[in-house]
Each structure stands twice: as structure tokens, then as C-alpha cells.
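Student: I would like to work through this structure step by step. Could we begin with its overall properties and then proceed to the details?

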Amino acid sequence: MASRSVRRLAACLALGLGALAPDPGAAQGFAGFGFLPVFAWPQGLREEGPGEGRWSGSYGRLSTGFEAVSSRRFGSYAGPTIGFEGGRLWQDGRLVYGIAGGFDYLATTSGGLTPGFGGLAYTRDFAGAVQVKVGTLLTPDVLLYARAGATAVHGSLRVGATPVSAPFSRDDIAVRPDAHVGVEWAITDRLSVAVEAGVVGPGLR
């Protein structure tokens, strides 16, 4: 059982690292501010196999919300979001591990569209991520975990007119590594709540 779990964990990490390898041509230019959302229905489309508990099995989840971002240099933007995430978790005793991927779309409804004279404005629309998650059960319902991966964000940088140039805009894709630690509480088999903190690195080139 232990060796099988080690093989599964190694395969999971290899798959995650392989999926995180960035395209050098896509990872250039301006890095965005956006993050994938916190999903409201964590176990919504979960499928369990024989003998699997609430912390193991394949799952999918949907999200919707509203994102507002403000920056002194690049102004602000806001709009509704919708996203999807899917993945697979395994449990071996107190050890829980797995891999997940997801995407998110933000429809900008305010801010960031028309920068003033000499100003800068940034907006993002699509974001996607692939992550590996490893944790340990503090109790049967409470999971202490860490997750790491990479997030790709498609954004637009707009530059206002200056005395020597006309206004212009540039679209770009930024790929950035991220890492998070958190605690997740399983309220039911289909609903959980998590609190976490994380860091996001500079764009990969």
C-alpha cells in the first residue's frame, strides 16, 4: 500500500510539473494582477470510486463572483467572473494529494478602458492554472495542505497619449509560479470551507 501511494504521488508530481512547463514565447511582457477565484462548491461534481472517502476521487466545481482590482500605477478595473476547476485527489491514511487545473473569465464592466493623458491602465480577462496539492488530515474533517503550480493570465495594457506618442494598447500572456498553504474544513461531502495564504512569483520567461 505504501509503495503504491509513493508511485501515485510521484506520478502526480511529474504530471503537474510537466503541465507547468511554460511556453517561452507566451511568457513575456507585462504580468497581470488576477488570481483564480475561490470556488463556492468544492465537491460539486465529485465522482468517488469503491472504498473512497470525502478526500479522494475525481471532482469538478464551478464558481461565480465579482472581482475588483486597484493599483496606484495602473488604475482599477472590476467585473463579474465565472470559472471551472477539475482534478483528482488520492487519500492514503492521513495523507491527501492530487492535481487540479482550472480556468476563469472576468468580464470587465468598469475601469481600465480609457486611460487619461500619459496614464496607464490594465485589465485581464482569461486566467488558467495547474496545481499540485499535498496535505495531511488533522481530523477526519480538517485538512492542512500546501499547493503549488503556475497561473497564466491574459491581460491588456493600455497607454494614454503623451506629447510624443499616440495612445496604444498591448495584449500579453503572463505565466507566474504560485504557492499557497491553507486549512480546509469539510462541512459535508459536497461542501467545504478553506482559509489560505499564498505568494505569486514574477513572470516566467
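**Surface, sheet and one buried residue**

Tutor: The protein exposes about 11,000 Å², and carbon and sulfur atoms supply 64% of that area. The model under discussion is a predicted one.

Student: What share of the 205 residues is buried?

Tutor: A residue counts as buried when its relative accessible area is under 20%. Of the 205 residues in the protein, the share that meets this criterion is 38%.

Student: What pattern does the protein follow along the sequence?

Tutor: The protein contains 1 helix and 7 strands. Read along the sequence, these elements give the pattern α-β-β-β-β-β-β-β.

Student: Which strands stand at the edges of the sheet?

Tutor: The sheet is open, has 7 strands with antiparallel pairing, and follows the order E1-E2-E3-E4-E5-E6-E7. An edge strand has a single partner strand, so one of its sides is left without a neighbour in the sheet. The strands in this position are E1 (57-71) and E7 (192-200).

Student: What is the average twist from one strand to the next?

Tutor: The order to follow is E1-E2-E3-E4-E5-E6-E7. From one strand to the next, the twist averages 25°.

Student: How many bridges join E4 to strand E5?

Tutor: Strand E4 (residues 120-139) is also joined to strand E3 (residues 95-106), by 11 bridges, and there Tyr 97 has Val 134 in E4 as its bridge partner. E4 and E5 form a hairpin with 2 residues between them. Strand E5 covers residues 142-159 and runs antiparallel to E4; the number of bridges joining them is 17.

Student: Which residue in E5 is the bridge partner of Gln 131?

Tutor: E4 spans residues 120-139, and E5 spans residues 142-159. The bridge partner of Gln 131 in E5 is Gly 149.

Student: Which residue in E6 stands opposite His 154?

Tutor: E5 pairs with strand E6 (residues 168-186) in the antiparallel sense, over 18 bridges. Opposite His 154, the residue in E6 is Ile 173.

Student: Is Thr 123 buried or exposed?

Tutor: Thr 123 lies in strand E4. Its relative accessible area is 7%, and the cut-off for burial is under 20%. Thr 123 is therefore buried.

Student: Which side chain does a polar contact of 3.1 Å join to that of Thr 123?

Tutor: A polar contact requires a pair of N or O atoms within 3.5 Å. The contact at 3.1 Å joins the side chain of Thr 123 to that of Arg 158.

Note on methods
Residues numbered from 1 in each chain as written. Predicted model: local features only at pLDDT ≥ 70, side-chain atom pairs only at ≥ 80, totals over all residues. Heavy atoms only, no water. Pairing = 2+ DSSP bridges. Helix = DSSP H or I, 4+ residues; strand = E, 2+ residues; numbered from the N terminus. Axes fitted to C-alpha atoms, helices over the stretch in contact; angles between N-to-C directions. Buried < 20%, exposed > 50% of the residue type's maximum accessible area, 1.4 Å probe, protein only. Areas by Shrake-Rupley, 256 points an atom, 1.4 Å probe, with all protein chains shown as cover. Polar contact = N/O pair within 3.5 Å; in protein donor to acceptor, adjacent residues only side chain to side chain.
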